[in-house]
Amino acid sequence: MLTKLFWRSFLKQYKDYTVYFICMTFAVMIYYSFAAMTRDQPLVQRAQPEIQISSVLSLGNLAMLLILIFFMLSANRFFVVKRYREMSLYQLFGLRKRRIMSQFVLENFAMNVAAFVTGILMGIIFSKLFAMILVKAMDLDLTSHFYLSLSSVYGTLLAFLLIYGGIACQNAWLIRRNQLQDLFGRRSQKILRKMRGSRWTGLLGVLGLACLLVGYWLSFFIREYIIAYISATDRYGIILWLPFLVLTLCVVGTYLFFRFTLPTFFRFLRRFRKHAYQHLRFYAYGNSPFQILSHWRSLAWATLATAAALTVIAGALSFVTIRSQVLRNSNPSDFQVRGEDTEKLANQLAQLGGKVTHTTTLHYKVTMAHTTRLFLRTDKSQQVQLYDLLTEEEYRAFAKQHPDLPAVQLKNDHEAVMFEYGYTTFRNTTTVDHRFTLPNLPTLEVKQFYPDLLGDTEMRYGMGVLVVTQKTYDQATGVVYPIAMVEAKLPAEKGWSLALNDTLPTSWGDEIYYQYSYANQKLSGQLSTDQNQLKGTSQSGQQSYNRLNLINRYQELRRLRRESGIFVYVAVFIGMTISVTTAGIMMLRLFSQLANETQNFQLLRKLGISRKAIRGIIHRQLAWVFAPPILLIVCHSSFAIHVWAQFIHSESYWLAYLFCVVMALMYVLAYGITSHFFIRAAESD
């Protein structure tokens with residue numbers, strides 16, 4: 001008899017368990033798929049030269065495990081707490097808590113086993129699809145085959161059993177602390193007392209909103225505040241404690257917002273009685289804060305977790321964008337090669353079926369230059385570093401082949417144009433003085449700074465490139481070395497890049513040696529490719545530098561594609577899983593009120609309220625519950641992305657903002673599904 005009662009109670013809550021079952025199945029499927037791809041040897045070995053794919057996937061799998069643990073424990077707590085009244089009735093019938101506990105454990109175990117088996121079966125089926133997506137994202141030349149990993153099944157089963165052990169302990173604790181008084185709605189009475197409010201709750205509500213606004217304000221101007229503080233105090237601790245303060249304000253403000261600010265806001269709206277009584281708004285103004293206060297912790301946590309996931313995705317997209325921008329700037333041609341190896345490269349390409357179509361040789365002269373660097377516009381440091389000189393004529397010849405390069409027009413021999421990528425990429429976090437002092441030359445005045453668009457810096461010796469006149473170039477002390485920018489028709493055969501690397505491998509060499517002294521605003525020094533030619537210095541006072549002999553744009557693009565593909569793949573899957581699980585938890589929380597809400601809606605129908613009006617009430621009521629998390633998720637994520645943008649320049653942050661919109665649409669979809677179930681319950685007889 002008791003078993004039948006438990007079973008009927010279980011069937012009556014199929015909506016709640018369906019949401020849990022779907023989310024749980026999705027999480028198990030993703031976890032197994034990641035584990036299977038980690039053990040897919042053809043996939044791992046094919047990507048091995050560029051990136052350790054197994055390490056990245058293992059890290060993603062660990063994140064999935066943490067998400068799975070939280071979701072299962074949170075959902076299990078919801079199911080147990082929701083059935084407190086049912087447990088109290090069983091206690092009135094004389095059942096011991098141990099009997100109730102064992103029944104709940106068996107019930108939960110059966111449901112989780114069903115979700116686990118379904119998730120494994122779907123993982124086996126869809127792991128091939130996920131592997132194909134990863135192969136496409138990383139641009140791997142690999143055919144993805146159907147792959148069943150028994151070790152991944154065993155690993156997933158072990159993780160599931162460990163989590164279920166935690167669930168059993170959680171059930172024991174929750175059921176033991178249940179009191180018979182819960183039968184009489186003690187929890188609802190507590191929430192109603194919270195809704196009454198007081199002067200202190202109003203002040204805390206204002207404090208929650210103030211924390212969010214101050215956090216947003218500080219994040220919007222964080223760079224200016226850091227610079228101003230360092231300028232005034234010469235202390236750099238603000239670089240650590242100000243971002244931590246912004247994070248703390250947003251976290252505390254989010255919890256205060258849902259606990260105090262929203263209930264205070266609804267109490268304020270209820271004061272406008274004429275407005276509140278139109279379209280039955282008073283019902284939403286009274287019932288929405290009850291639902292929010294019933295689940296304010298879950299709403300706050302879901303908001304913070306989703307915002308954090310979006311920030312991670314934005315960070316991954318920003319990293320990929322920056323790497324792509326660096327690659328475009330540092331690879332203006334198919335090949336960059338030492339001038340001495342130009343003919344050898346052409347011969348090797350011809351043997352592999354390719355052909356050199358155009359070659360531009362740039363004759364750099366490496367020299368020393370003294371300048372002043374400023375960190376955050378405040379901390380000055382006098383630096384002597386290597387810089388490469390390039391004549392204005394050779395730059396213009398190269399610019400004809402690359403129209404995206406800026407025009408350079410020097411008026412006299414004392415002017416120069418600087419190409420240094422870090423100067424503009426990191427939002428002038430580190431800036432360079434416009435005056436450069438070179439050995440035995442008047443001071444150069446840099447009239448314009450540009451990103452380094454002249455090739456890979458590892459092919460050169462200097463920190464940047466100074467475009468100067470021919471006269472300044474000839475008078476400067478330094479070592480001349482040629483770099484050939486080669487455009488080619490690439491071979492059609494696969495594997496040509498590896499074959500080229502075997503005959504013309506990339507290596508470091510062409511070491512130069514130098515020493516310098518700077519005194520009385522004058523710079524002097526020596527540079528040579530032969531260490532023994534430096535006069536009057538010991539080896540301990542000398543410095544050296546070397547460079548690469550070859551850069552293959554195809555190899556760099558392939559490495560970037562594989563690195564960015566795996567990072568974005570893992571970040572997006574983790575973010576999507578967090579969004580699905582947090583939205584699922586919100587839906588479960590709202591479904592817990594569905595029985596009471598159904599009675600209220602049926603009572604409104606008996607009072608003569610039309611179905612159209614009741615539908616409007618449901619949509620408004622649930623909108624008040626879903627809208628605040630969506631708003632805070634978008635705000636938190638947008639300001640976090642803006643913090644990135646203040647220090648790292650990129651033109652593709654719109655991708656991160658677009659992902660914020662996608663996540664918001666997922667919550668809107670959850671709102672639509674929840675509204676559908678509420679309307680069906682309200683209109684049922």
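## Helix H19: two sides

In this predicted model, helix H19 buries Trp496, Ser497 and Leu500. These three span an arc of only 100° around the axis, which puts them on the same side of H19. Leu498 and Asp502 are exposed on the other side of the helix. The general geometry fits: an α-helix has 3.6 residues a turn, so residues three or four places apart point the same way.

Several elements cover the buried residues of H19. Among them are strand S1 (335-338) and helix H15 (342-351). Strand S13 (550-552) and H20 also belong to this cover.

## H19 against H20

H19 runs over residues 496-503, and H20 over residues 553-591. The two helices pack at an angle of about 125°. Their axes lie 10 Å apart. Angles over 145 degrees would count as roughly antiparallel, and 65 to 115 as roughly perpendicular. H19 and H20 are therefore oblique to each other. Their crossing is left-handed.

H19 brings Trp496, Ser497, Leu498 and Asn501 to the contact. H20 brings Tyr554, Gln555 and Arg558. By class, this contact holds three nonpolar, three polar and one charged residues. Trp496 and Ser497 are thus named twice: they are buried in H19, and they touch H20. Leu498 is also part of the contact, yet Leu498 is exposed.

## Helix H15 and its end

H15 is part of the cover over H19, and H15 has buried residues too. These are Leu345, Gln348 and Leu349. They cover an arc of only 100° around the axis, which puts them on the same side of H15. Glu343, Ala350 and Gln351 are exposed on the other side.

Gly353 follows H15. Its phi is positive, near 100°.

## Helix H16

Helix H16 covers residues 392-401. Its buried residues are Glu392, Tyr395, Phe398 and Ala399. Viewed down the axis of H16, they fall within an arc of 125°, so they line one face of the helix.

## H22 and its two partners

H22 (residues 611-647) packs with H14 (residues 296-330). The axes come within 9 Å and cross at roughly 30°. The crossing of H14 and H22 is right-handed. On the H14 side, the contact includes Leu299, Thr303, Leu304, Ala307 and Leu310. On the H22 side, it includes Val625, Pro629, Leu632, His636 and Trp644. By class, there are twelve nonpolar, seven polar and no charged residues in this contact.

H22 also packs with H23 (residues 654-683). Here the axes come within 9 Å and cross at roughly 160°. That makes H22 roughly antiparallel to H23. This crossing, too, is right-handed. The contact of H22 with H23 has 20 nonpolar, six polar and three charged residues. The contact of H14 with H22, by comparison, has no charged residues.

## Single residues

Glu597 sits in helix H21 (residues 594-606). Its relative accessible area is 3%, so Glu597 is buried. Glu597 and Ala681 are 84 residues apart in sequence. In space, their C-alpha atoms are 8.6 Å apart.

Thr261 belongs to helix H11 (residues 238-270). Thr261 is buried as well, with a relative accessible area of 10%. Leaving out residues up to four places away in sequence, Thr261 touches Leu204, Gly205, Gly208, Leu209 and Leu256. Asp510 is a strand residue, placed in S10 (residues 508-519). Its phi is near 50°, a positive value in a residue other than glycine. Asp510 has 30% relative accessibility, so it counts as partly exposed.

## The chain as a whole

The protein chain has 23 helices and 13 strands. Buried residues make up 51% of its 685 residues. Consider the contacts with a separation of 6 or more: residues 24 or more positions apart account for 83% of them.

Definitions and conventions: Residues numbered from 1 in each chain as written. Predicted model: local features only at pLDDT ≥ 70, side-chain atom pairs only at ≥ 80, totals over all residues. Heavy atoms only, no water. Axes fitted to C-alpha atoms, helices over the stretch in contact; angles between N-to-C directions. Helix = DSSP H or I, 4+ residues; strand = E, 2+ residues; numbered from the N terminus. Parallel < 35°, antiparallel > 145°, perpendicular 65-115°, else oblique. Left-handed = near helix turned anticlockwise from the far one by under 90°. Contact = heavy atoms within 4.5 Å. Nonpolar A, V, L, I, M, F, W, Y, C, P; charged D, E, K, R; others polar. Buried < 20%, exposed > 50% of the residue type's maximum accessible area, 1.4 Å probe, protein only. Arc of directions from axis to C-beta.
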